[in-house]
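Dear colleague,

Please find below the structure I promised to pass on, together with its sequence. My notes on what was found in it follow.

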Amino acid sequence: MDKSKGTIEAEISKALTHWEKNYLGRGSVSVKSDILRDMIIVILHGILSPAEYSLCQDKEGLLSVKKTRNSLVESGIEELKDIIFTITGEEVVSFYTDISTRTGERVMFFKLSSNLENKLS
């Protein structure tokens, strides 16, 4: 692969921002992707709407927002795996995600089939 680690991380961030806007109808304020061994860790900032922040004031609303947002992302997992494969050439073995209703951040964790960081060194 002739691309640098930083270039690939930037491409992942840009592609996931584009996916969010097209698939979820709303994008994050900023995205940071990091390749670490056989993992890609993505932090998305500013993903909750003002209405969702209001809902998160009580436990029932908080759980509802988390469940709905996670279900929406999980429903697009095949597209997310394709994005990662297209950019890195690596298969996604597993995917995890969670959202902080306090900070409005989402973390996405992609476990790859091999050590991408080594291949880029």
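Is Q57 buried or exposed? The model is a predicted one, and in it Q57 is exposed, because its relative accessible area is 67%, where a value over 50% is needed. This residue belongs to the loop that runs between α2 (50–55) and α3. Its side chain reaches back to the backbone oxygen of Y53, at 3.1 Å. Between the C-alpha atoms of Q57 and F95 there are 28 Å, the two residues being 38 apart along the chain.

S28 offers a second case from a loop, here the one between α1 and β1. S28 counts as buried because its relative accessibility is 11%, and the limit is under 20%. The side chains of S28 and E20 form a polar contact of 2.9 Å. Apart from residues up to four places away in sequence, S28 touches T17, E20, L44, H45, G46 and I47.

The interior may be described next. The largest nonpolar core comprises 27 residues, and those with the most contacts inside it are I12, L16, I40, V42, L80, M108 and F110. Two or more residues each come from α1 (5–24), β1 (30–36), β2 (39–45), α3 (59–74), α4 (77–88), β3 (92–100), β4 (105–112) and α5 (116–120). Of these, α4 gives the most, with 5 residues.

I12 shows how such a residue is surrounded. Once neighbours within four places in sequence are set aside, I12 is in contact with S33, I40, V42, I84, I87 and T88.

With kind regards

Methods:
Residues numbered from 1 in each chain as written. Predicted model: local features only at pLDDT ≥ 70, side-chain atom pairs only at ≥ 80, totals over all residues. Heavy atoms only, no water. Core = buried A, V, L, I, M, F, W, Y, C linked by side-chain atoms within 4.5 Å. Buried < 20%, exposed > 50% of the residue type's maximum accessible area, 1.4 Å probe, protein only. Helix = DSSP H or I, 4+ residues; strand = E, 2+ residues; numbered from the N terminus. Contact = heavy atoms within 4.5 Å. Polar contact = N/O pair within 3.5 Å; in protein donor to acceptor, adjacent residues only side chain to side chain.
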